[in-house]
Amino acid sequence: MGSATLQTVAFARIRHGWRTAIAAVERGLEAERDQVALWLPVAVGGGIAAWFVLPDAWEWAAFLLLAAATALAGRCLPGTRLGRVLTVGGLAAGLGCALVWASAERAAAPVLHRPLVASLLVRVDQVQPLAARNAIRVVATPIGAPAMPFRLRLTIAEADAPARLAAGDRLRLRARLVPPQAAPVPGAYDFARVAWFQRVGATGRAFAPVERVGVGAEGPGLRERLSAHIRARLAGGAGAIAAALATGDQGAMPDADADAMRRSGLAHLLSVSGLHITAVVGFAMLLVLRVLALSPRLALRWPLLLIAAGAGAVAGIGYTLLTGAEVPTIRSCVAALLVLAALAMGREALTLRLVAAGALVILLLWPESLVGASFQLSFAAVTALVAFHERPAVKALLARRDEGFAAGTGRLLLGALLTGLVVELALAPIALVHFHRAGLYGALANIVAIPLTTFVIMPLEALALLFDVAGLGAPLWWAAGKALALLLWISHAVAAAPGAVAMLPTMARGAFALIVGGGLWMVLWKSRLAWWGAIPLAAGAALALATPVPDLLVTGDGRHAAVRDGGTVRLLRPRTGGYIRDLLAESAGLDGPPGLIDDLPGVRCGPDSCMAELMRDGRRWRILATRSGYFLPFAPLVRACAAADIVISDRRLPAACRPRWLKIDRTFLAHNGGVAVTLATERVETVAALAGAHPWAGR
């Protein structure tokens with residue numbers, strides 16, 4: 001057989017294999033034709049995520065070209081579902097990347113580049129009382145200061161703030177301003193990114209005196225007055241939760257209660273989201289429907305369900321505006337309005353198509369919200385819940401049937417428990433990525449807490465506020481206080497239970513992408529094809545668990561460092577603030593108070609420096625760190641540097657200081673930000689490397 005004949009046979013086999021593969025994909029897409037549309041917001045989100053993950057403009061442009069090439073490849077398969085999927089998917093991914101890129105460019109505003117103390121005249125735009133910290137946080141616009149950033153976020157001591165401070169007021173003050181803080185260590189919260197999209201160019205604290213030189217036209221808003229009214233009726237954590245439920249204001253939450261709510265998996269109750277919007281809309285619909293149904297004439301002639309849905313929509317929009325119209329609340333309100341529209345049209349109220357439509361609307365309007373914990377947690381929970389209850393086996397198990405009270409109650413509790421477990425499993429990876437922790441008993445706690453909040457606390461609070469108009473709300477406030485006390489008791493009891501929290505110091509982006517991709521694959525397909533998603537899901541989980549814990553963490557200012565010693569974290573400086581202590585402990589995967597590096601065996605510490613030795617995989621690592629503002633003598637410092645593998649300092653060290661491996665001083669930190677070091681693999685991860693060339697990274 002000649003070479004030409006062999007080439008013809010090989011080409012025929014390749015063409016046959018290609019056609020067979022295309023036919024197999026076509027059959028799969030045909031079987032899942034009702035589910036394909038659900039991947040549209042996923043494609044848009046993929047483009048947005050690519051912009052945040054890829055480091056610079058060249059790679060963003062390359063992604064746009066790849067998306068366009070994918071869309072063109074789809075056009076090469078005319079008349080096929082695969083061709084349409086590739087075309088629409090490529091265009092959607094490119095649209096997502098372009099949208100968030102454009103949003104970041106629109107948000108560009110002057111940014112402070114170094115700390116300074118300045119006298120300012122500002123106009124207050126937003127006011128947030130921080131009652132638990134005896135302070136007030138304001139977002140303000142400087143007046144007559146062209147060199148200042150576009151917006152400032154200032155903290156004012158409650159004793160120094162003018163009485164009844166409100167949006168529109170003008171203040172004259174002095175403040176110490178600093179640039180918006182990037183993540184202190186890799187994997188921590190990046191406020192600089194959030195501030196960029198909010199056009200906040202500096203943060204700081206105001207000094208007394210703070211003088212009001214102009215009063216806003218409206219005075220304190222309804223939200224502030226309502227929060228103060230509620231806290232006047234209920235003291236402590238109960239009043240703080242009640243205010244958060246009504247207005248979204250969490251500033252008065254005591255630290256101990258807030259931590260217990262987080263550890264018990266109940267923190268979502270404090271953030272106005274789908275649960276609260278649903279309760280308000282449902283209560284308004286029920287009230288209007290019951291009142292109108294009292295008239296037989298109206299019940300027979302008027303479309304009461306449509307009218308009740310309209311009342312629910314008005315209540316939901318009003319509640320959204322009352323609670324500050326934050327993006328998470330708007331997202332929940334949009335979803336609720338879509339549900340009401342489906343009810344009005346006689347369609348099924350809550351489906352994955354509805355969830356996908358809500359996600360698409362949010363991503364198109366606020367593409368940067370994709371990387372926020374709020375968007376990810378809320379849509380992961382709703383998607384998992386709806387997909388779980390759409391499964392035929394689950395419908396058959398939990399469907400109502402003619403059975404006794406005990407069996408029916410048990411089936412109801414089983415459904416609540418299974419739903420809670422599914423939601424907790426969906427939320428755990430997201431919580432670990434953003435907060436380095438996930439509650440293990442949240443499903444059990446939410447079985448009681450969610451019905452208690454939805455059907456007892458919120459209705460009692462609404463009725464108490466209504467009766468306060470006539471001065472008759474005291475009994476209802478007493479009952480609401482008892483219910484809130486029960487909620488707090490549940491949170492503290494669950495938080496204190498052994499093993500209540502699972503900690504994970506860091507999760508690689510690749511591991512998180514595999515988990516998210518596998519999870520979406522499993523919930524968005526309905527055929528056996530869905531089970532293939534278990535492979536990337538398991539691979540991502542294994543990769544996340546196998547990620548080594550950093551041995552050394554250094555904050556971006558170089559002042560604070562932590563060394564992991566087995567199951568303990570040791571801090572460099574004895575006087576480390578509570579925020580940094582918790583941050584370093586969580587970033588190292590520790591659920592508990594950290595210790596001091598002085599207590600490590602073989603450590604030599606003085607008031608100005610420490611020399612520590614760590615054993616990793618049979619190798620001895622010597623770490624030298626300065627920990628005071630005093631300069632060390634030049635000659636001893638140079639000798640100590642030469643004897644160390646790693647040197648850490650918050651000041652610029654002389655060129656003669658040459659450690660054997662890594663020098664982390666002010667020069668290094670100015671270019672790289674916070675650092676996480678894994679000694680066994682000699683891996684150095686920096687905040688700057690994760691941020692890339694995104695516009696906020698140059699702060």
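In this predicted model, the torsion about the S-S bond of Cys641 and Cys657 is about -80°, so the disulfide they form is left-handed. This bond ties together distant parts of the chain: Cys641 belongs to helix H22 (residues 634-643), while Cys657 sits in the loop between strand S15 (646-648) and strand S16 (662-664), the two cysteines being 16 residues apart. Their sulfur atoms are separated by 2.0 Å, and both Cys641 and Cys657 are buried.

A search of the whole structure returns two disulfides. The other pair to consider is Cys605 with Cys610, whose sulfur atoms lie 1.9 Å apart. Here the S-S torsion is about 120°, so the disulfide of Cys605 and Cys610 is right-handed. The two ends of this bond can also be described by their accessibility. Cys605 is partly exposed, because its relative accessible area of 30% falls between the 20% and 50% limits. Cys610, in contrast, has 2% relative accessibility and therefore counts as buried. With bonded cysteines counted along the chain, the disulfides follow the pattern 1-2, 3-4. Two further cysteines are worth a glance: Cys76 is exposed, with a relative accessible area of 60%, whereas Cys97 is buried, at 1%.

The sheet around these disulfides comes next. Five strands make up an open sheet with mixed pairing, in the order S12-S13-S14-S15-S16. Strand S12 (604-605) and S16 stand at its edges with a single partner strand each, so one side of each has no neighbour in the sheet. In general, strands of a sheet pair through backbone hydrogen bonds, in either a parallel or an antiparallel sense. For S15 and S16 the sense is parallel, and three bridges join them. Within this part of the sheet, Ile648 stands opposite Ile664 in S16. Helix H22 lies across strand S13 (609-616), strand S14 (619-626) and S15, and runs at about 150° to S14. The loop between S13 and S14 holds Asp617. This residue is exposed, because its relative accessible area of 69% is over the 50% limit. Asp617 is separated from Gln198 by 419 residues in sequence and by 46 Å in space, C-alpha to C-alpha.

A second arrangement of strands is closed rather than open: a barrel of five strands, running S1-S2-S3-S5-S4 with mixed pairing. From one strand to the next, the twist averages 50°. Strand S1 (residues 116-130) and strand S2 (residues 135-142) are paired in the antiparallel sense over eight bridges. One position in this pairing can be picked out, as Gln128 has Arg137 in S2 for its bridge partner.

Attention now turns to the nonpolar interior. The largest nonpolar core contains 45 residues, and those with the most contacts inside it are Ile230, Ile241, Met253, Leu266, Ile457, Leu484 and Leu487. At least two residues of this core come from each of helix H6 (222-233), helix H7 (236-247), helix H8 (255-263), helix H9 (274-292), helix H11 (304-322), helix H12 (327-344), helix H17 (442-468) and helix H18 (474-495). H18 gives the most, supplying nine residues. Leu266 offers a closer view of the surroundings of one core member: leaving aside its neighbours within four places in sequence, Leu266 is in contact with Met261, Ala445, Asn446, Ala449, Leu487, Ile490 and Ser491. A second core, separate from this one, has 40 residues and includes Phe63, Trp196, Ile362 and Ala387.

The last stop is His694, which lies in the segment after helix H24 (687-691). With 3% relative accessibility, under the 20% limit, His694 counts as buried. The side chain of His694 reaches two backbone oxygens: that of Ala691 at 2.5 Å and that of Leu54 at 3.5 Å. When neighbours within four places in sequence are set aside, the contacts of His694 are with Trp51, Phe52, Leu54, Pro55 and Trp60. Leu54 thus appears both among these contacts and as the owner of one of the backbone oxygens reached by the His694 side chain.

Key:
Residues are numbered from 1 along each chain as its sequence is written. This is a predicted model: local features need pLDDT of at least 70, side-chain atom pairs count only at pLDDT 80 or more; totals for chains, interfaces and linings use all residues. Side-chain values use heavy atoms; hydrogens and water are left out. Helices (H or I, at least four residues) and strands (E, at least two) are DSSP runs, numbered from the N terminus. Buried means under 20% relative accessible area, exposed over 50%, partly exposed in between (1.4 Å probe, protein chains only). A polar contact is a pair of N or O atoms within 3.5 Å; within protein, one must be able to donate a hydrogen and the other to accept it, and residues adjacent in sequence count only if both atoms are side-chain atoms. Contact means heavy atoms within 4.5 Å. A disulfide is a pair of cysteine sulfur atoms within 2.5 Å. Two strands pair if DSSP finds at least two bridges between them. Axes are lines fitted to C-alpha atoms, for helices over the stretch in contact, and angles run from 0 to 180 degrees between N-to-C directions. A nonpolar core is a set of buried Ala, Val, Leu, Ile, Met, Phe, Trp, Tyr and Cys residues joined through side-chain atoms within 4.5 Å.
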